[in-house]
Amino acid sequence: MRKEEKNKLSYDAELVNRILDASLDGFFVSEAIRDQSGKIIDLLLLRINPAFTRIRKIEEADAVGKRYLQLFPSARDIGMFDLYCQVIETGIPAHEEFHYIGK
């Protein structure tokens, strides 16, 4: 990879981080964890923004590197996890409001 391409990727990554950090909305970046058949069974949290820590009342160190459903098991019960899976599988954005109480 040429130096220009590396600099552009580095700039783009920094810009995304600054946008996430400045957002008032809670965001997380995750990787799908799949079973042998390819079905998504959980999400591995790779990055969260400050608003996510404030809204969910969880520290970054307690979330990053952990499984989403271990931290928020009720997300499956109310359909939030299924919506995340749908977006991952289809690539089509979705907007829903969930009333999330507890873990």
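1. Let's start with a side chain worth zooming in on. A polar atom of the Asn-49 side chain sits 2.8 Å from the backbone oxygen of Asp-25. The Asn-49 side chain also has a polar atom 2.9 Å from the backbone nitrogen of Phe-52. Keep in mind that this is a predicted model, and that these distances come from its coordinates.

2. Where does Asn-49 sit? You'll find Asn-49 in the loop that links β2 to α2. Despite that loop position, Asn-49 counts as buried, because its relative accessibility is 1% and the cut-off for buried is under 20%. If you skip the neighbours within four places in sequence, Asn-49 touches Leu-20, Asp-21, Ser-23, Asp-25, Gly-26 and Phe-27. Asp-25 therefore turns up twice for Asn-49, as a contact and, through its backbone oxygen, as a polar partner at 2.8 Å.

3. Now the confidence. The protein chain has an average pLDDT of 91, and 96% of the residues reach at least 70. Among the elements, strand β2 (residues 40-48) has the highest mean, 97, while helix α1 (residues 3-22) has the lowest, 86. As a general caution, predicted coordinates should not be read in detail where pLDDT is low.

4. Have a look at the outside of the protein too. Tyr-11, Leu-15 and Ile-19 together make a nonpolar surface patch of about 300 Å². Ile-19 belongs to helix α1, and Ile-19 is classed as exposed because its relative accessible area is 52%, against a cut-off of over 50%. On spacing, residues three or four places apart in an α-helix point the same way, because there are 3.6 residues a turn.

5. Helix α6 (residues 80-90) is next. Which of its residues are buried? They are Met-80, Phe-81, Leu-83 and Cys-85. These buried residues of α6 pack against strand β2 and against three helices: α2 (50-56), α4 (68-71) and α5 (74-77). Just past the end of α6, Gly-91 has a positive phi of about 75°.

6. One last backbone detail, at Lys-57. Its phi is near 55°, which is a positive value in a residue other than glycine. Lys-57 is in the loop between α2 and α3 (60-63). Is Lys-57 buried or exposed? It is exposed, because its relative accessible area is 74% and the cut-off is over 50%. Set that beside Asn-49, another loop residue, which is buried at 1%.

Terms used. Residues numbered from 1 in each chain as written. Predicted model: local features only at pLDDT ≥ 70, side-chain atom pairs only at ≥ 80, totals over all residues. Heavy atoms only, no water. pLDDT = per-residue confidence, 0-100. Helix = DSSP H or I, 4+ residues; strand = E, 2+ residues; numbered from the N terminus. Patch = residues over 30% accessible without salt bridge, like charges linked within 9 Å, V, L, I, M, F, W, Y side chains within 5 Å. Areas by Shrake-Rupley, 256 points an atom, 1.4 Å probe, with all protein chains shown as cover. Salt bridge = Lys/Arg side-chain N within 4 Å of Asp/Glu carboxyl O. Buried < 20%, exposed > 50% of the residue type's maximum accessible area, 1.4 Å probe, protein only. Contact = heavy atoms within 4.5 Å. Polar contact = N/O pair within 3.5 Å; in protein donor to acceptor, adjacent residues only side chain to side chain.
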